Amino acid sequence: MTGEIGLSIRGGVKVYPGTRALRGVDFDLRMGAVNVLVGENGAGKSTLMKVIAGVETLTEGRIEMAGREVQFRTKADAVKAGIGIVFQELNLFPNLTVAENIFIGHEPVRGGIDIDTASQARVTRALMARLEQDIAPDTPLDHLRVGQQQIVEIAKALSQDARILILDEPTSALSTAEVEVLFRVIAELKSQGVGIVYISHRLDELMRVGDWITVLRDGEITGSRPMAGVDIPWIVRAMIGEKTREFPRTHAAVFGDEVFRAQDITLPRAGGGYAVDHVSLSVRKGEIVGLYGLMGAGRTEFLECVMAQHPASGGRMFVEGEPLTERDVAGRIARGIALIPEDRKRDGLVQIMAIRENLTLSSLGLFTRLMHLDLRAEAAKALDFVKRLTIKIASPENPVSSLSGGNQQKVVIGKALMTSPKILLMDEPSRGIDIGAKAEVFRTMRELATQGLGILFVTSDLDEVLALSDRILVLANGRITGEFPTGTDAATVIAAATPSYKKDEAA
Amino acid sequence: MTALVAPTQQNWLLLVLRLRTFVALILVLAYFSVMAPNFLTAANAVIVSKHVALNALLAIGMTFVIITGGIDLSVGSIVGLCAMVAGWLVLNGVDTGLGYTVWFNTIEIVGITLAVGIGVGLINGLLITRLNVAPFIATLGTLYIARGAALLSSGGRTFPNLGGSEEMGTASFPLIGTGTLFGLPVMVWLMIAVALGAHYISRRTPLGRHIYAVGGNERGAALSGVKVNRVKLFVYAFSGFCAALVGIIIASQLQAAHPATGETFELNAIAAAVLGGTSMSGGRGRIFGTIIGAFVIGILSDGLIMMGVSSFWQTVIKGVVIVLAVVIDQAQSRLQASVALAQEAAASR
């Protein structure tokens, strides 16, 4: 650990419309070391890294390298300065070969005309040897496992002489063996003097590879120190503060009968094993059950099984004790299941349709006689839900894309509620909305539960699951690994969510 | 309210842009009325509307398909195939192979031919939904298959003399393409009926709403309980229905069926839909917009003919108009989005 500072940010502020993602951040990146970055979803980790990688620019503040101020207007500027980033979502081309992927955008050319495939292959082979991988340069990328693809991404960054390498949740899709390889690669790069930024939710992993740790909360740095002497309670305190934000019940919790039960739900994973591994759970009327898990734990996949998105899934489900036999979404909605998807843009809304049309999309049957749609009744119902959920809009006829994230989320909730569900499934209900809107969404969830709705929400936000749940279930590697009552402390929940690797291998 | 310097001016611009196809229609009408003296006469209006009716019928079916985010290249071939089917039935009946031939009357022939068109449309729909073939490729395939079948039916020859006969109950067959009702050609009435029906479906039925939702966000629609595959089957079947209707009208009008009937009709139908404001990326479009689009194209070509403009220039002008329409469409959606954004930003404050 040399500890020489290779890059630093002073007073970094980043403002997005409606939110301040970074509020005066001072960050030092040390060379020849692993700089670990932790924080909840939305704490600003990704924004900070995007700023360093030139994908975003700071609203205020400066970036310095070797004592001199630098400005990265584009990703190319950052690459030139020796900064490489491996995003959580891989940016690769499955239709091209490994070598083509590594050199995409900076292909070596002969005489300015054709691609020098020989040198491309030679450099790729050298990179793969450096990374201890037995991957031929002309292997099509889609023949590789996800873990190997991740290695290709790293090779891509290294091929551009990256002196600083940012890894955003690199292990979320890796098997245990692949994680070990990655750690060896990291150790080797470190010894070559590369400065590594390592973002992860898996605290045991961070403790193992990290040399320096920086904790972010709500866009501010709440802790920064060498890793020696750091323990999980210290990290958790820095991550979520001494006191969690609370959304207390206004009424005493009254739970009714069981409204939803899932038994032995399975979803096979491509290439063996299960993405959802015999999950059983139940939700009672008026109960909010929080399903906590890290990236890749199988949370979203489980909800998709419930919503009939995976024909290959197995297991049985019951609504109010009656078996759920419907095989399509419309049938399951009719039985009282409603889903609020994680990705509003992709799954939740039809962006170019009006607010009204989005609200009523799942419940057009309410206004239809024979084939005829009663537009007046539809408009009245839409307006009613706009008022009930206090959605702030100018006109229900405007396209839903013109709304802010929080209001869009309320439209999605409104659409789900209009189907008169018995059980509400919410996937990351506060993703991508600001703190004020978050509190309002949580308040809405509380109210709905008080009215007798069963709510099952999944989240990777520890704060959220602790504050909202009447009961906490923890999911790891597709299995339920813990069940806790409300009031459980954070460290216990985290421990259940990150079973150690040894245990995995035995299983 | 600071961002909106001149909201009224902006709203006016938006209104003009929204009604742009209509504005274009008025402009071409006014232009040809002045330039071509015989243009604005009742007799000419009937002729033009007959030309427009066929393209408009195809374009109505095409509009639904494009709104779902698809494309139907096979309509021209379905026109040809259905013209041949109708011609065959009028001329030859169906040989049962048992030593006697079954003959059909006009209504039965129309019914069978429409069923053939719907059937080809359903094949398109099944290829796209069940076998996951891209709409462009699936309908390109049926374009060739249907055209080939039309050619095979007669060995490439024309079925002549489709005048029909009292005896077989087919004497009324020519009326579909040549008859008039209350002063308007029957085919124009057919266009009006199909347009009204399609408009009703698009605006006042759950099916119509689902068509827009599928085109706007297929995954989101599916997760909202929309039966995406059924919606797609419907739009391709409906497009096949419209094409069959056009095939029948043409066979009836000419009292002859030629296997090359309807070649490149699909392109004119797409042009009318796009000119009428249908977005090729799906989710947006209106039946009445398409009808006006068809009229603009029809009036443009007939007017230019009457002015004696070379047909080569006509082709160029048509192309320019279509590209222009799409450019203006882009400007309108950008302006509309920014107005809505400003309104909503003000409301959430």
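Here is a walk through a predicted model, from the layout of chain A to the helices of chain B.

Let's begin with the layout of chain A. The domain assignment splits chain A into domain 1, covering 5-240, and domain 2, covering 258-506. Between the C-alpha centres of these two domains of chain A there are 32 Å.

Within the residue range of domain 1, a good place to pause is A:Leu92, which sits in the loop between strand S6 (83-86) and helix H3 (98-102) of chain A. A:Leu92 counts as partly exposed because it has 19 C-beta neighbours inside 10 Å, and a residue needs 20 or more to be called buried. Leaving aside residues up to four places away in sequence, A:Leu92 touches A:Asn101, A:Leu141, A:Gln149, A:Val152 and A:Glu153. One of these partners shows how the chain folds back: A:Val152 is 60 residues from A:Leu92 in sequence, while their C-alpha atoms are 8.7 Å apart in space.

Another loop of chain A, between strand S4 (60-65) and strand S5 (68-70), holds A:Ala66. A:Ala66 is not a glycine, although its phi is positive, at about 50 degrees. Is A:Ala66 buried or exposed? It counts as exposed, because 10 C-beta neighbours lie inside 10 Å of A:Ala66, and the limit for exposed is 12 or fewer.

Next, let's see where the two chains meet. On this contact, 34 residues of chain A face 26 residues of chain B. Four elements of chain A each give two or more residues to its side: helix H10 (329-334), helix H11 (344-348), strand S20 (372-373) and helix H14 (405-418). As for the character of chain A's side, 19 of its residues are nonpolar, 10 are polar and 5 are charged.

Now we can cross over to chain B and look at some of its helices. Helix H4 of chain B runs over residues 75-92. Its 18 residues should span 26 Å at 1.5 Å a residue, and the end C-alpha atoms are 25 Å apart, which agrees. Of those 18 residues, 15 are buried, so H4(B) is largely enclosed by the rest of the structure. Just after H4(B) comes B:Gly93, with a positive phi of about 65 degrees.

Two further helices of chain B pack against each other. A pair like this is described by the angle between the axes and the distance between them. For helix H5 (residues 106-129) and helix H6 (residues 135-154) of chain B, the angle is about 145 degrees and the axes are 9 Å apart. The crossing of H5(B) and H6(B) is right-handed. H5(B) brings B:Val120, B:Ile123, B:Asn124, B:Leu127 and B:Ile128 to the contact, while H6(B) brings B:Pro135, B:Ala138, B:Thr139, B:Thr142 and B:Ala146. This contact has 7 nonpolar residues and 3 polar ones, with no charged residue.

Further along, how many of the 11 residues of helix H9 (residues 206-216) of chain B are buried? The count is 11 of the 11, so H9(B) is largely enclosed by the rest of the structure. Among these buried residues are B:Arg209, B:His210 and B:Tyr212.

Our last stop is B:Thr264, in the loop between helix H11 (228-254) and helix H12 (265-275) of chain B. B:Thr264 has a positive phi of about 65 degrees although it is not a glycine. B:Thr264 is exposed, with 8 other C-beta atoms within 10 Å.

Terms used:
Residues numbered from 1 in each chain as written. Chains lettered and ligands numbered in written order. Predicted model: local features only at pLDDT ≥ 70, side-chain atom pairs only at ≥ 80, totals over all residues. Contact = placed C-beta atoms within 7 Å. Nonpolar A, V, L, I, M, F, W, Y, C, P; charged D, E, K, R; others polar. Axes fitted to C-alpha atoms, helices over the stretch in contact; angles between N-to-C directions. Left-handed = near helix turned anticlockwise from the far one by under 90°. Domains from an automatic or database assignment. Expected span 1.5 Å × (residues − 1).
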